[in-house]
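Biologist: Could you take me through one small part of this model up close, and then show me the wider setting? I'm new to this, so plain words please.

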Number of protein chains: 2
Amino acid sequence: MDSLPLYRQLSAHYVDAIHTGSLKQGDKLPSLRSLMRLHDISLSTALQVCRAMESDGWVEARDRSGYFVRRPQRLAIAPMEEPVADVPPDPAQFVSMRARMANFMARGRHTGVKLNFAIARAAPELYPAEALRNSMTRALRQRPELLTTASSQKGHEQFREAVAQRSLRIGMTVAPDEVLVTNGCIEALNLALRAVAKAGDTVAVESPTFYGLLQVLESLGLRALEIPTSPQTGISLEALDLAIHTYDDIKAVVVVPHLQNPIGSVMPDGHKQRLAHLCESHGIALVEDDTYSDLVETDAPLRALKSWDRTGNVIYCASLHKVLAPGLRLGWITAGRWHAQVEMLKYAQTRNNEALAQIAAGEFIAGGRYDRHLRRLRERLHMQRDQTADAIARYFPAGTRLNLPRGGLQLWVELPQQRSSVNVFDAALREQMLVAPGAQFSNSGRFDNYLRINCGWPFSKAVDAGLRRLGEIVSAVPPPR
Amino acid sequence: MDSLPLYRQLSAHYVDAIHTGSLKQGDKLPSLRSLMRLHDISLSTALQVCRAMESDGWVEARDRSGYFVRRPQRLAIAPMEEPVADVPPDPAQFVSMRARMANFMARGRHTGVKLNFAIARAAPELYPAEALRNSMTRALRQRPELLTTASSQKGHEQFREAVAQRSLRIGMTVAPDEVLVTNGCIEALNLALRAVAKAGDTVAVESPTFYGLLQVLESLGLRALEIPTSPQTGISLEALDLAIHTYDDIKAVVVVPHLQNPIGSVMPDGHKQRLAHLCESHGIALVEDDTYSDLVETDAPLRALKSWDRTGNVIYCASLHKVLAPGLRLGWITAGRWHAQVEMLKYAQTRNNEALAQIAAGEFIAGGRYDRHLRRLRERLHMQRDQTADAIARYFPAGTRLNLPRGGLQLWVELPQQRSSVNVFDAALREQMLVAPGAQFSNSGRFDNYLRINCGWPFSKAVDAGLRRLGEIVSAVPPPR
């Protein structure tokens, strides 16, 4: 930072103020005179600061009245089309998501990646590192035997209480004893699927869906049946209904009702209720992955699928990995009528979780700071998502489509003219950029012309330049003949 | 502590000196005169101190020369017989270890247990709590983004280096990249078995074996084939060979070569070598659970089974749960030719482990303090095991047998005349004592007249009284007609 010229350091300072919201759209930058006085700089340096910000697109000069924070110009970009739902889905072939992902991941690891648009989390500075660290340090001091006695079987009691308490917010009434702490949401999903299905069984999933789920299914020998999913309303209930009547061996449906990954949909309450009842009436377990509900930007209260559960048929899974601290592997499961079985599977699989992270997270959630953190995180992500969408609209070729989701960490982008995202992946990797190609999100070839783009990092010049370059790469990829 | 009478506080102080080895067998206690001077107490209090220790069996009075630390009287107790190895084993029936254990565990949990002889770990004060806590506190201070960035995929690098370095000691040459960090040894075993076998396959195990393994097998739908196991030399190679020629679907053999749980055997090197070659020649995966090797009391270097592995056929699993810190869930796996598959399974099952525990454990192991800690832990456990064995010899009915293992946390005790340990479990639980009945260690009924007794806690008066009461309970249990 110190090696940057002074005017660059100062413009970075003001860009940061825009990022954090201290300076809002339409706000006036300090005048040249104020800048000179505030930072003890010459007129020409003050001018350089303003012009650098102007040329980067952060501010615009208005007449003689000064520089103003620019209103982002949402260029026209079309939304995606709704998926076709009235044909029965093919059971996806077992085309080894494992091998394909291993390939993408290994190549990403072995190249010195400078810009990573492929991940699905936010920048470290968007999470409450200090509060969690202090909490851990205090717990280590106050509980001298924390590390040398075995931690509690189901999870740390205060953490489970905090989770149970918070579940009320999304319409779930669960006792702390019904909350079983897991190593992230991914272990919760493993346990849920192991409890309700066995190798060879079929599980219905959203299409596209996150590759982590496809890997879990493959590793357990389960067959994924991909159900068309709308960017607006989530899994197509018509298509699911058709699938249930076509295949008689569907043992579970797994959905992400809030901010589906990668598509960003939020299911309307009416859909959630119908889905819960549809599964219940056919004796099919409904697994709810609710990793992202705390990132939904809404004033209306959200309701978990589980809140419509009358018979213990919904298994609720969640984690704090994306919303509180990516360095913690802290998830939980509320397994309805499979509770005892899931508890035994968890014990046989990894025993209990360590206590320290649970103590810190439990304190943070119970203490009310969690809601303040979430508000701030949602605001930051909102701005970053907008800025990223603007950049895509500006830099990507005509015909690119995306839907701006109501929250979350990423954008799901449809490339025009069926351009292959694997080609984009290859070309981007040569320039040390990582993107998540659509092929990762389905066992079918259906999403090859899609990219998932992370918006978790502050929209820096480097991000802007990366997206511009990515747009050029997409333009240069030839459409298939 | 302060509420105890003064003479009790002082006698506890000297008992502690015996525990820690400051006072050894045959050492003289300070004279009455010295005690009066040292602690500023009256003659009658000094006498009370010595008499309390004498009546608790810690010291004995000799003529007029004073009180001496008592040589434990190893009463005659017979070793167990060797198992019969020349009949082919029955494939154990699927009698739901899960339900049986759930029953034992639930009953243990719901009763206010005062003395827990059923666990398999040492008292908190025998582990280096302070060093680990300091290490964690320092890491939290020095690495501000530790909790808010995702931790490394395979495990924290320094930890994997420390593990790889230490593996040399047991004859294994592994690169840090071949060490994959897991949530305890139990996850390592899950991954190993998932990589080499699928539901319905048969896995050969020692008999008796720890119920955790039987649960893992059951939860994965694998069939356990129990192989007779010697308290001296471990799994019977003759019986295993016979089993391999009788059953053609054995996919893996799982053994604990060092301080087998519960039986305490340590396999001789010749046996280990033959076992490694037997499995290799039949294309059967050999899974080595090496949780306890650091607790073996021996001057001769130990060698892991894995050190005889020429073809990547041995999967090595271990953890620090029993030897470093029961509050950490820190294990690892070195999976030979299944490495890539195990890595993908781990990623799909629980992703990467949190970093903090790995940093603390890695520092501790790399720093040389680990060996000092282990020496002290082995000494303490040795003394406690001796004291427990003495108490069993003293209090249990004639015909009780046990083999004193060469280290570790527990004793495996054979009750006379086929008395049922489940009856002992029930009667002990009514008096708030928990024991591990032999029925937990086999799917056959073969070990119903065995108990596993923990020796991880300092041999206090309460432990002594508990064992005496347990002896009475065993005596009162009627032998089966």
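Modeller: Here's a walk around one serine in chain B, followed by a look at chain A as a whole. Keep in mind that this is a predicted model.

Let's start with B:S236. You'll find this serine in the loop of chain B that links strand β7 (234-235) to helix α9 (237-246). So is B:S236 buried or exposed? Its relative accessible area is 9%, and the cut-off for buried is under 20%, so B:S236 counts as buried. Now look at what surrounds the serine. Its side chain reaches the backbone nitrogen of B:A239, at 3.0 Å. Leaving out residues up to four places away in sequence, B:S236 also touches B:A85, B:I227, B:P228 and B:T229.

Now zoom out to chain A. This chain has 15 helices and 16 strands. Its radius of gyration is 24 Å, close to the 23 Å that the globule rule gives for 481 residues, so chain A is as compact as a globular protein of that length. Along its principal axes, the C-alpha trace spans about 75 × 65 × 45 Å. Of the 481 residues in chain A, 60% count as buried. And if you take the contacts between residues at least 6 apart in sequence, 75% of them join residues at least 24 apart.

What about the outside? Chain A exposes about 18900 Å², and carbon and sulfur atoms supply 50% of that. As for charge, chain A carries 57 positive and 50 negative side chains, with the centres of the two sets 5 Å apart.

Conventions:
Residues numbered from 1 in each chain as written. Chains lettered and ligands numbered in written order. Predicted model: local features only at pLDDT ≥ 70, side-chain atom pairs only at ≥ 80, totals over all residues. Heavy atoms only, no water. Helix = DSSP H or I, 4+ residues; strand = E, 2+ residues; numbered from the N terminus. Rg over C-alpha atoms; globule rule 2.2 N^0.38 Å. Buried < 20%, exposed > 50% of the residue type's maximum accessible area, 1.4 Å probe, protein only. Contact = heavy atoms within 4.5 Å. Areas by Shrake-Rupley, 256 points an atom, 1.4 Å probe, with all protein chains shown as cover. Lys, Arg positive; Asp, Glu negative; His and termini not counted. Charge placed at Lys NZ, Arg CZ, Asp CG, Glu CD. Polar contact = N/O pair within 3.5 Å; in protein donor to acceptor, adjacent residues only side chain to side chain.
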